[in-house]
Structure formats: C-alpha cells, structure tokens
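User: I would like to learn how to read the features of a structural model, one at a time. Can we start with the place where two chains meet?

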Amino acid sequence: MNKIYLWGIIFTAAMLGFTYMSFDFKHGLSDIVNQLAIAGAIALVLISVFVVIKYVRQMQTDTADGQLAAEKWDGIGEYLNELPMGWAIMFFLTMIWGMWYFTIGYPVNAYSQIGEYNEDVRAHDAKFTAQYGSITGDRLVEMGESVFLAECKVCHGLTADGIDGKAANLNKRIEVKSVKYTILNGSNNGLMGMEMPMPDRNGLFNGNSGALITDAEIDAVSAYVANGMTGAGADVFAGTCASCHGEDGKGMEYVAPNVAQFTPALVTNILNHGKKAAIGTMPKFDRLNAKQKEAVGAYITSLSK
Amino acid sequence: MFHWLEKHPFFFAVGVFLVIAFAGLVEIVPNFVQASRPVIGTAPYSTLELAGRHVYIKNSCNACHSQLIRPFKSETDRYGHYSLSGEYAYDRPFLWGSKRTGPDLMRVGNYRTTDWHENHMKDPAGVVPGSIMPAYRWMFTNKADIDTAYAEQLTVAKVFSTPYNKPVPMKDGSTVTVKMGSNVAEANAMALAEAKVIAADMKGQDVKDAVAAGKIPEIVALIAYLNSLK
C-alpha cells in the first residue's frame, strides 16, 4: 500500500480523536447545533484527506502529454494546450458582467452622499407635512416660538424685546423712531411682493391742509401710529397715510402693509424679503419653509396682542 | 513583444506602472479639475474683503468656526446649502476648520448683518446670552492692512489668473466685476470707498470717524469679509 494512504488514515484518526476529545459530552448531541458542528468537523476531515490524497497520487503517477511550446524559461517548458471550454465561457461571462457593471451596475447602484442627503430631505419634508402641515392656533404659535428661538433670538432677543434697541422690539407693532424714519426716508422693502416704494416726506401730502407734511405733523402721526392708532395725530393719518394704509391702518393687499398690528402675512413678507429701516438691516430668511414662516408670523402676532 | 517583456521583469514592472498610472490620471484628473473650478456665483475677494480675511486668520477665527457645511439635513437647515468644492476656488488657504466651538460661518453673510456683527464683536454675550466667545474690542481700533491684501490680490491675479477686473458669472445670469486697483494708492482708495458703505450701516461713532478720516479699522474689513460669505 502506498505510504500516502497510511498517512491519510493516521491523520484522519488523529483529527477525529481531537474532535472526540474536544467535544462537550455533558450537553450531548441533543442540540441541533452540536450535531451539525460534529458532522461538519467529520466531513471536513474526510473531504480534506480524500482531496489531498487524490491530487498527490495524480502528481505521483501522471505523465505529461501534448505539444510543448518552442520557448523555455529557465528550462521550464509550457504546453500548447487548448483553452478549456469552462474557462472560455467564464472569461466571456466576466466580460459581459464587466460591461454591465461599468454602464449600469455601478452608476445606478453606487452610493452617493448627495443622493442620501436628498432622500433624507424628502423623507423629512414628507414627515413634516404629515405631522405639522395642517396645524393651527396654539400649536402654530408654539411652533413659531421654537423657530423664533432657533433663528430670530440672536438679534431680537429671547423675549423678542430687540435687546436694547439692537433689533426691532416685536412686543409692539412699531416704535416712534421707526415710523418717523420711514416717513422721512420712504421705504422700498418690497414687502407687499411688489417693487412699489413708499415716497419720502417730499412725496407725502396732507390731504387736510393740501400741502407737504410738516415736521409737527410727522411727530404727531408717528406718535399716533406707535401708540397703536390712538391719541393725537389721527387727522394727519387720515389725511396723509390712510389712502394707502387704510383708515384703520390695517393696510391694503399689494399696496401697503399693516401698521396697526402684526399679521402673519406681514411677517412672512419680511422673512421673504428682509428689511432695511431705522434700526438697521434684517436679512431675509427665505430658507424657512412656508409653514415655519406662517408659524413665526402667528407667534409674533400673538406677542403684541 | 510580450515574450520580450516576460524576459525583462524590470521593464515589465515599468510597463505595468505606466498603464496603471495612466488609468489613474484619466480617472482622477478630469474630476479634480472639474471640482476645483469656481462654481457660478463665486467671485474673487475685493481688497477690503481680503484684508478682513487676514484679520479673520490673524485672530484664529477658524480655530472655533468652520467654513464647511456638510450635506446633512440638520446642517443645511441651520446654515444653508451644503458647501461645494468650487466655492473655495479663491480661498487661499481654505478655512474649512476641523472643529466647531462656534457655529459654521460658510454662509454667515446670508443671515447676519453689519450692525449685528458690530454689536456681537464688541460684546458677544450681550447679543447671544451664554455665548462663550470672547470680545474682540481691539478690532475697533487696530487698522486693517490694506497693502498686504493688495499684494495678495496682485499675486493671485498673476500666478493663478484670479479674474480681477473681469466679469464673473452669477447665479441669476448677470455678471459682477470685482475691481482691483492698478497701484497701491488706488487699491487703498477703493478699499476706503467700500469701507464707507460698511461704516454707514454701523453705529459706533469712533469707527465712523476713523473711516471718514481715511483710516480703516480691522472691524470694517472683517465685516466686509463676513458679509461676503454667502
């Protein structure tokens, strides 16, 4: 008998012996995992030994045939064998797969950071619409407050008081200083969604007197508007401002904004266009979505009520 | 030829290297060139903005503030559109930063204004309660170095062909032309003209007086730079 068979039997016996010794008999073979493991171990040993013996025998007994290539490399020759059919098929399949992967496989399925971001945004927007798309009343004000605390408080302050005049105090509609500045300088903030500007004092006639608005009248009407449309100056307002801002100061759509009180539409317009007036410049915040702008409007409106 | 290569392993190795290097160049270089080209809407810095950028670097603003918005919903909600590589085309060096102690400033010009910056640089905690940012009061007295900024402009215009005095396309289809002075005196005059626009929106009388007297405090240059970050 060839020595290799003997070694095969010895090796098999040794490996099975190790398997036997390392097996935990306390738990027995009742467990399916244990059974599979032991069967796998035995199969592995037997198959390995069988395959090794087969090929070692082949190396020992096979003789070469076929035509040698003319060339030799360091005395090592090479047969001019036909390419096996299986290899040829695999080669062409690999080429086809390569073309598919190059044109479709990779480009279509590849990971993209921006793609993931876009999906993330879509999912978030859908969730936002489902959860908050139709909220109104107190919940809208609540949302407005949280947006305010995230985006607006850095200038307008936690309590919306404008931090000592660094930004507009949103607890009241408008201050004397701001009314006066606008009358003196006019305004062109595009707040009504149009380019139509408000003229400066040289374009403001007092209908009552038929002349340009005077300094005293400006002071009076500024105090009147800032005090919430009460007190002296009502006649100046009626004569000069009411034709655009309305008799009650509540503004007209596409013509002039509401100067009597905050409205969600007014706040939304300021968020969309930004504003430049007495206190300074406010940048636009058009990256907030429509519902968030509406919510901020509701919150700011609720502050001065 | 293949037999020859098989017999000469050194030249075979050189050949393999050349083939792989060529494949690499063909794959990498076009993408790299494309990504480093300025995106539409990115314009070079003006002299004053560049001086402000030097103030920003000098005071290590980039140690606490990044200039890189990652493509995450939470970031784009807070800071705006995620950053594109071409937006840094005129940043030498870029100021991405690696840590945010303060917020990102990549697009701070979109949502903060001149007067806000003025208040904030003087007393950060007065504007943002609980802010740990220190005050930078010396910026209101130190003078900005316009000459160095102009030197940088000249250099990048010459070495990197940065398009000064040439129309640069904007997102809305229009173009802007960032002007660069033809000599130091003209550059200083242009920076001063730009500083006057900024100072008009500021409150501090000291700063207004300094600009009116032809001097540019660092804060004005810095605000010009911050407002240009969009």
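User: How many residues does each chain give to the contact?

Analyst: This is a predicted model. In it, chain B contributes 25 residues to the contact and chain A contributes 25 residues. Between them the two chains bury about 2000 Å², and 56% of that area lies on carbon and sulfur atoms.

User: How many salt bridges are there between chain B and chain A?

Analyst: The count is two salt bridges. One pairing with a salt bridge is that of B:Asp201 with A:Lys276, whose side chains meet at 3.2 Å, N to O. As for polar contacts, nine residue pairs are found across the interface of chain B and chain A, with both residues at pLDDT 80 or more.

User: Which helices of chain B each supply at least two residues of the side that touches chain A?

Analyst: They are H1 (2–7), H5 (73–79), H6 (114–122) and H7 (124–127) of chain B. H5(B) gives the most to that side, with five residues. Sorted by class, the side of chain B that touches chain A holds nine nonpolar, seven polar and nine charged residues.

User: Next, helix packing. What describes two packed helices?

Analyst: The description uses the angle between the axes and the distance between the axes. In chain B, take helix H3 (residues 47–58) and helix H9 (residues 184–200): they pack at an angle of about 80°, and their axes are 8 Å apart. Angles of 65 to 115 degrees count as roughly perpendicular, so H3(B) is roughly perpendicular to H9(B).

User: Which residues make the contact of these two helices?

Analyst: H3(B) brings B:Thr47, B:Leu48 and B:Glu49, while H9(B) brings B:Ala187, B:Ala191, B:Glu194 and B:Ala195. By class, four residues in the contact of H3(B) with H9(B) are nonpolar, one is polar and two are charged.

User: Last, the backbone. What holds for most phi values and most peptide bonds?

Analyst: Most residues other than glycine have a negative phi, and most peptide bonds are trans. Here, the bond that joins B:Arg92 and B:Pro93 is a cis peptide bond, with omega about 0°.

User: Where is B:Pro93 placed?

Analyst: B:Pro93 sits in the loop between H5 and H6 of chain B.

User: And which residue has a positive phi although it is not a glycine?

Analyst: A:Met229 has a positive phi, about 60°, and is not a glycine. A:Met229 lies in the loop of chain A between helix H8 (215–226) and helix H9 (234–245).

Methods. Residues numbered from 1 in each chain as written. Chains lettered and ligands numbered in written order. Predicted model: local features only at pLDDT ≥ 70, side-chain atom pairs only at ≥ 80, totals over all residues. Heavy atoms only, no water. Contact = heavy atoms within 4.5 Å. Buried area = accessible area lost by both parts, 1.4 Å probe. Salt bridge = Lys/Arg side-chain N within 4 Å of Asp/Glu carboxyl O. Polar contact = N/O pair within 3.5 Å; in protein donor to acceptor, adjacent residues only side chain to side chain. Helix = DSSP H or I, 4+ residues; strand = E, 2+ residues; numbered from the N terminus. Nonpolar A, V, L, I, M, F, W, Y, C, P; charged D, E, K, R; others polar. Axes fitted to C-alpha atoms, helices over the stretch in contact; angles between N-to-C directions. Parallel < 35°, antiparallel > 145°, perpendicular 65-115°, else oblique.
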